[in-house]
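Visitor: I am new to this structure. Could you show it to me and explain the words people use for it?

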Amino acid sequence: MLENFWNNIKNFFNQLFGQKKIRRLGFYGSPNAGKTTLANLISVNFLGKEIGKASKVPHETREVAELEHVEIENEGKKLVINLVDTPGIATKIDFEDFLKYKLKKNEAKKRAKEATKGVIEAIKWLDKMDVVLVVIDSSKDPYTQVNITILGNLEARNIPVIIAANKVDLKRADINKVKKMFPQYEVVGISAKNGKNIEELYKVIFEVMK
Amino acid sequence: MSPKIKKAKKKVDLEFIPFESLKNMTLQKQVKFIIEKTKDDKILIFDSKLTPEDEAKLISETMKHINKNFSGIEICSLYSEKDKDWIDKSKDVIFKLLTGKSRGTSIIGPAKIIKEIKRNPDSISMQMK
């Protein structure tokens, strides 16, 4: 909260004295789509440190994390942005689902409670984004209500969208299905796990954020 | 000989609600109405598509109600723009004027009853637990 307040003050003075506002690139999607893995790949590439911890257990990211002043480079061009990793958006959270990942009952309940707050926070932060990378697991059905709700809300707010069709390293991945379902958006097939096609994603980020 | 115990079949309550009946409610009240019904194990079917903002509000409010008895909702909102003639398009405009929503279908139900709602661009299928 204090951090947000401080960021707002900094942005206010930056704008007052004519400095260009640093834009936020948000990472949105369902739990386990690979948002944090992708945000980490970008932040490690350009800043040498991770933004958060990725895990197979859903809802590992339960708070919005912002990494400021990340200078990314592509084809000799530079861009300074803030990376904002957000908790996965879901319509249901059942603590019993976490028990399958061998979490103790108390830990599972705590995680579920924090996850509900994370979803609310992620939705609130939509208004603060300048560009959003919607991360979709291309090995699963992309046409989910959560993806549609996220994209619809970004469209309603006129926030530019890039779809990162993640997990192309998996056999079941079907990037064409993602493209077919969301033909109005720029879709880049990537693997946040092994970095496949990340250069192409940087190129698109530059095009959208220039 | 021990008596045979028959497992009671789960009753599924479906409610068809014309969105026009909610048009005088604020969004907050509409969302509260939906959540209360789903907490009561009802599956609601509306004759309109929720706006993305409505969906986001519904998801946010649902999160505030999650506890050990209520794990959230399954939701699916559908609207097809394909192959519409001018009559259908006119109906859409009139419907929007009357209710503030787009024509279509929305299904909202409790996650503890509905396993999954699958959607194709033009159809919905619902799988129960």
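Guide: Gladly! Please keep in mind that this is a predicted model. A good place to start is chain B, where β5(B) and β6(B) form a hairpin with 4 residues between them.

Visitor: What makes β5(B) and β6(B) a pair?

Guide: Two strands pair if there are at least two bridges between them. Strand β5 (residues 114-119) and β6(B) have 5 bridges, in the antiparallel sense, so they count as paired. Within this pairing, Ile114(B) stands opposite Met128(B).

Visitor: Why is strand β6 of chain B called hardly covered?

Guide: A residue is buried if 20 or more other C-beta atoms lie within 10 Å of its own. Among the 5 residues of β6 (residues 124-128), the count that are buried is 0.

Visitor: What is the order of the strands in the open sheet?

Guide: The order is β1-β2-β4-β3 in chain B, with mixed pairing. The edge strands are β1 (13-17) and β3 (73-78), as each pairs on one side only. From one strand to the next, the twist averages 15 degrees. β1(B) pairs with β2 (residues 42-49) in the parallel sense over 5 bridges, and there Ile17(B) stands opposite Phe46(B).

Visitor: Why are α1(B) and α2(B) called oblique to each other?

Guide: The axes of α1 (residues 27-39) and α2 (residues 52-65) of chain B cross at roughly 50 degrees. Roughly parallel means under 35 degrees and roughly perpendicular means 65 to 115, so this crossing is oblique. The crossing is also right-handed. Residues making the contact include Val31(B) of α1(B) and Leu58(B) of α2(B).

Note on methods:
Residues numbered from 1 in each chain as written. Chains lettered and ligands numbered in written order. Predicted model: local features only at pLDDT ≥ 70, side-chain atom pairs only at ≥ 80, totals over all residues. Buried ≥ 20, exposed ≤ 12 C-beta atoms within 10 Å, placed from the backbone. Helix = DSSP H or I, 4+ residues; strand = E, 2+ residues; numbered from the N terminus. Axes fitted to C-alpha atoms, helices over the stretch in contact; angles between N-to-C directions. Parallel < 35°, antiparallel > 145°, perpendicular 65-115°, else oblique. Left-handed = near helix turned anticlockwise from the far one by under 90°. Contact = placed C-beta atoms within 7 Å.
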